[in-house]
Structures are given as structure tokens and as C-alpha cells.
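Let's take a walk through a protein model together. Have a look at the picture first, and then we'll go through a few of its features.

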Amino acid sequence: FLVLSMVIANIDDPNLFTMTLLLSVAIFPIINQSVSPSTILASCAGFLLITAPNRTWLVVSKDFHATVSLLLTVWNADTGALIAGRVGTLAQTNLPRPLWLQTISPAKSVEGLIGGLLGGSLTYWSLPWFWSMIHYYKLAPNQETVSIVDSLSSNQRFCIGILLSIAAVLGDLWESSLKRAFQVKDSGKLLPGHGGVLDRFDSSLLAVVLYQYLGQTVP
């Protein structure tokens, strides 16, 4: 499933890409007639929502600054959510959780959501200082093109960080809802104990599309 998505995402010709993607989605219900309609719908939605971000990653990955900036933002949003969630549990804050959050992922908490937003937004806001330090110590390729975050104001960086953090949270919740639809705990078996390969990248699936849409990569 994931391998097929990556293969299709690497098709250069836009028309061939679109045709192959639609044919794959159309064929899936035919070869899985014994599967329930809800499972087929979830599978098609999952396939589309994996393939589109994979294709976007091909564009974003050409810009070293953009790739690292996005991954840092998404990963720190995840880290912030994890830390805030555990602190909230230890402190027994017990903020009320909406029903939809309890249904999709009972382990998620409002404290974690707040921590994720703060972690991601503060990371993107602080990127100019991060890159200046990296280039000062020559720890990364010194590209001729300056990172696009340098041209943004503090408020713009903070707002973009919040948007990317929201996208990261939604990507994680979307993947959790898919697993719940298929009644499985892990998305795969390639990374035992980590929930599968998709679990390592689910937060970036929607974030990378938003990132490209916001023009945060150098054209």
C-alpha cells in the first residue's frame, strides 16, 4: 500500500500521475469485493491522503532549508504534545476532552494538543536563529539561496508555526482514525514497537502540503 503510493508519487508526468492514481483507486473496490464498503472507503481515502503528500515531498525535498525546517517543526510539535500530555497526567489537570477526540484516539489529551501547538509554533518562530547557528559552525550545506524564513517577521513565523502544528495534529488524528476504522493497533510491521512506518511520518502528511501551499519553499 505504502510502496505503491510512493511509486505513483514519483511519476513525473502530471497527466500520467493523475490517471494512475485514479485507476488505482477505482481498481481497489473491484479486487476487494469481500471487504465492507466502509473499509473500502477508508482505504481509498487513506491511499489518496498518502500519495498526495508523498508527491509534495518530492518538491519540498529539493530545498534543504525547507525540508529541515518542516521536519523540525513537525517533530517538535509531536514532542511538545507528548511532554505536555504526560505533565498533564502527572499534574492531574484533567481538562475536558471533546467527544470526537475520545472516539478517534482515547490516549490523546487537550493538554497534549496545546503542547503540540506551542512546540511547533515556537520552533518555526525560532528558525532564523537556528539556521544562523548552523551556518556559523558550518554544520550544513551553505546554500546560495537564503532560507525563506529569514524574510518573514516574527508574527508571520509564529502564525505559520501554529498552522503547521495544527496540520501535524490533524495528520496524526487522521492516521489514528484510519487504524480505528481497520481495527488495528499499528499501521505496519516494519518498525516493531513504533506503530509502523506510517506512524513515524503521519504528522507530516498534511503539514507538507500546507507548507508547500504557503510558499515556504524556494521556487
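Is D172 buried or exposed? Keep in mind that this is a predicted model. D172 has a relative accessible area of 17%, and because buried means under 20%, D172 counts as buried.

**A salt bridge**

D172 has a partner, too. It forms a salt bridge with K108, and the closest N and O atoms of the pair are 3.0 Å apart. A search of the whole structure turns up one salt bridge. D172 sits in helix α8, while K108 is in the loop between α5 (99–104) and α6 (110–125), so the pair ties together parts that lie 64 residues apart in sequence.

Here is how D172 and K108 compare with two other residues in terms of burial:

| Residue | Relative accessible area | Class |
|---|---|---|
| D172 | 17% | buried |
| K108 | 25% | partly exposed |
| A168 | 2% | buried |
| I27 | 43% | partly exposed |

A168 also belongs to helix α8. Try finding A168 and T73 in the picture: they are 95 residues apart in sequence, yet their C-alpha atoms are 9.0 Å apart in space.

**Inside the protein**

Now for the nonpolar cores. The largest one has 20 residues, and those with the most contacts inside it are W57, V60, L70, Y124, L164 and Y211. Several helices chip in with at least two residues each: α3 (37–60), α4 (64–91), α7 (127–136), α8 (154–182) and α9 (197–213). Apart from this core lies another one, made of eight residues, including I8, I11, I40 and F47.

**A closer look at α4**

How far apart are the end C-alpha atoms of α4? You can work out what to expect: the helix has 28 residues, and at 1.5 Å a residue it should span 40 Å. The end C-alpha atoms are indeed 40 Å apart, so the expectation and the model agree.

Both ends of this helix have something to show. At its start, a side-chain oxygen of D63 comes to within 3.1 Å of the backbone nitrogen of H65. After α4 comes Q92, and its phi is positive, near 55°.

**Out on the surface**

Finally, which residues make a nonpolar patch on the surface? L16, M19, L23, I27, I30 and I31 do, and the patch covers about 590 Å². One of them, I27, is found in helix α2 (residues 14–31). With 43% relative accessibility, I27 counts as partly exposed.

Technical notes:
Residues are numbered from 1 along each chain as its sequence is written. This is a predicted model: local features need pLDDT of at least 70, side-chain atom pairs count only at pLDDT 80 or more; totals for chains, interfaces and linings use all residues. Side-chain values use heavy atoms; hydrogens and water are left out. A nonpolar core is a set of buried Ala, Val, Leu, Ile, Met, Phe, Trp, Tyr and Cys residues joined through side-chain atoms within 4.5 Å. Buried means under 20% relative accessible area, exposed over 50%, partly exposed in between (1.4 Å probe, protein chains only). Helices (H or I, at least four residues) and strands (E, at least two) are DSSP runs, numbered from the N terminus. The expected span of a helix is 1.5 Å times one less than its number of residues. A polar contact is a pair of N or O atoms within 3.5 Å; within protein, one must be able to donate a hydrogen and the other to accept it, and residues adjacent in sequence count only if both atoms are side-chain atoms. Patches are made of residues with over 30% relative accessible area and no salt bridge: like charges are joined within 9 Å, nonpolar side chains (Val, Leu, Ile, Met, Phe, Trp, Tyr) within 5 Å. Accessible areas come from the Shrake-Rupley method with a 1.4 Å probe; for residues, only the protein chains shown count as cover. A salt bridge is a side-chain nitrogen of Lys or Arg within 4 Å of a carboxyl oxygen of Asp or Glu.
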